[in-house]
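Colleague: I want to learn how to read a model feature by feature. Please give me the general idea each time, then the case at hand.

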Amino acid sequence: MVQSYLMEPEVLKTVKKVHNLFRSNGLTLSVAESCTGGLISHYLTCFPGSSDYFESGVVAYSEEAKRVILGIPSSFISRYGVVSEETAKEMSERIRLLLKTDYSLSTTGNLGPGVLEGKDKGLVYTAVSVEGKTSVRELVMSSGRMDNKEETSLSALRFLIDFVEGHGKYSG
């Protein structure tokens, strides 16, 4: 099992809940991360058996990666920016369709230290998608860069749990 020194207890508890929810219900998941830089994917793969549900995690950190890997048009990014509700939604929907998973999760935002696209440090968007529905949450983080990254990852995983449990596309 996962060594407790790898994750804070709250992160460990949350990741275990995602793991159990997806495995026990035969659901699949893909992730498109920007500001979290692969931390969500790292958390998900700490548990043995994560390959039963976790298809892939893509770090589309740059604007170019969002265009090339996820297929988000330049015009879309120019219109909404990389730090936006619209881009988080688009990232989530595109990774789910690309990998044909039941659910997907995305993160994009500005962890600092400065202003990006006129948006203050700490502004983050997470999105969760299932066929026919995508929801986005705005977060405002106020700590340092690494703490913001960790808190964004934890918040995104909690959002995923709430979304999946509220959607009812599983037997549990």
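Modeller: Start with Pro113, in the loop between strand S3 (103-109) and strand S4 (123-130). Helices (H or I, at least four residues) and strands (E, at least two) are DSSP runs, numbered from the N terminus. This is a predicted model: local features need pLDDT of at least 70, side-chain atom pairs count only at pLDDT 80 or more, and totals for chains, interfaces and linings use all residues. Residues are numbered from 1 along each chain as its sequence is written, and side-chain values use heavy atoms, leaving out hydrogens and water.

Colleague: Which peptide bond is cis?

Modeller: The one from Gly112 to Pro113, with omega near 15 degrees.

Colleague: Where does a residue other than glycine have a positive phi?

Modeller: Lys100 does, near 55 degrees. Lys100 belongs to the loop between helix H5 (85-99) and S3. Glu117 also has a positive phi, about 55 degrees, without being a glycine. Glu117 sits in the loop between S3 and S4.

Colleague: Is Lys100 buried or exposed?

Modeller: Use relative accessible area: buried is under 20%, exposed over 50%, partly exposed in between (1.4 Å probe, protein chains only). Lys100 has 70%, so it is exposed. Glu117 has 38%, so it is partly exposed.

Colleague: Next, the sheet. What is the strand order?

Modeller: Two strands pair if DSSP finds at least two bridges between them. Here 5 strands make an open sheet, in the order S2-S1-S3-S4-S5, with mixed pairing. Strand S2 (54-59) and S5 are at the edges with a single partner strand each, so one side of each lacks a neighbour in the sheet. From one strand to the next, the twist averages 10 degrees.

Colleague: How many bridges join S4 to S5?

Modeller: There are 8, and the two strands run antiparallel. One bridge to find on screen: Tyr125 has Glu138, in S5, as its partner.

Colleague: Which helix packs on the sheet and touches S1, S2, S3, S4 and S5?

Modeller: Contact means heavy atoms within 4.5 Å. Axes are lines fitted to C-alpha atoms, for helices over the stretch in contact, and angles run from 0 to 180 degrees between N-to-C directions. H5 touches S1, S2, S3, S4 and S5, and its direction makes about 145 degrees with that of S3. H6 lies across S1, S3, S4 and S5, at about 30 degrees to S4.

Colleague: How many residues does H6 have?

Modeller: The expected span of a helix is 1.5 Å times one less than its number of residues. H6 has 23 residues and spans 32 Å from first C-alpha to last, close to the expected 33 Å. Its buried residues include Asn148, Leu157, Leu160 and Phe163. The buried residues of H6 pack against helix H1 (9-24), strand S1 (29-33), helix H2 (39-44), S3, S4 and strand S5 (133-140).

Colleague: What share of the largest nonpolar core comes from H6?

Modeller: A nonpolar core is a set of buried Ala, Val, Leu, Ile, Met, Phe, Trp, Tyr and Cys residues joined through side-chain atoms within 4.5 Å. The largest one has 29 residues, and Phe22, Leu29, Leu44, Leu157 and Leu160 have the most contacts inside it. H1, S1, H2, S3, S4 and H6 each give this core at least two residues. The largest share, 8 residues, is from H6. Beyond four places in sequence, Leu157 touches Thr14, Val15, Val18, Ile40, Tyr43, Leu44 and Leu105. Another core lies apart, with 16 residues, among them Leu70, Phe76, Ile77 and Ile95.

Colleague: Last, the rings. How many aromatic pairs are there?

Modeller: Rings of Phe, Tyr and Trp (its six-membered ring) pair if their centres lie within 6.5 Å; planes under 30 degrees apart are stacked, over 60 edge-to-face, and the rest tilted. That rule gives 4 aromatic pairs. Phe76 and Tyr80 have ring centres 4.8 Å apart and planes at 55 degrees, so they are tilted. About one helical turn separates them, because they are 4 residues apart in helix H4 (residues 74-80). Phe76 is buried at 18%, while Tyr80 is partly exposed at 26%. Tyr103 and Phe163 have centres 6.1 Å apart and planes at 90 degrees, so that pair is edge-to-face. Tyr103 is in S3 and Phe163 in helix H6 (residues 145-167), so the pair ties together parts 60 residues apart in sequence. Both Tyr103 and Phe163 are buried. They form one aromatic cluster with Phe22 and Tyr53.
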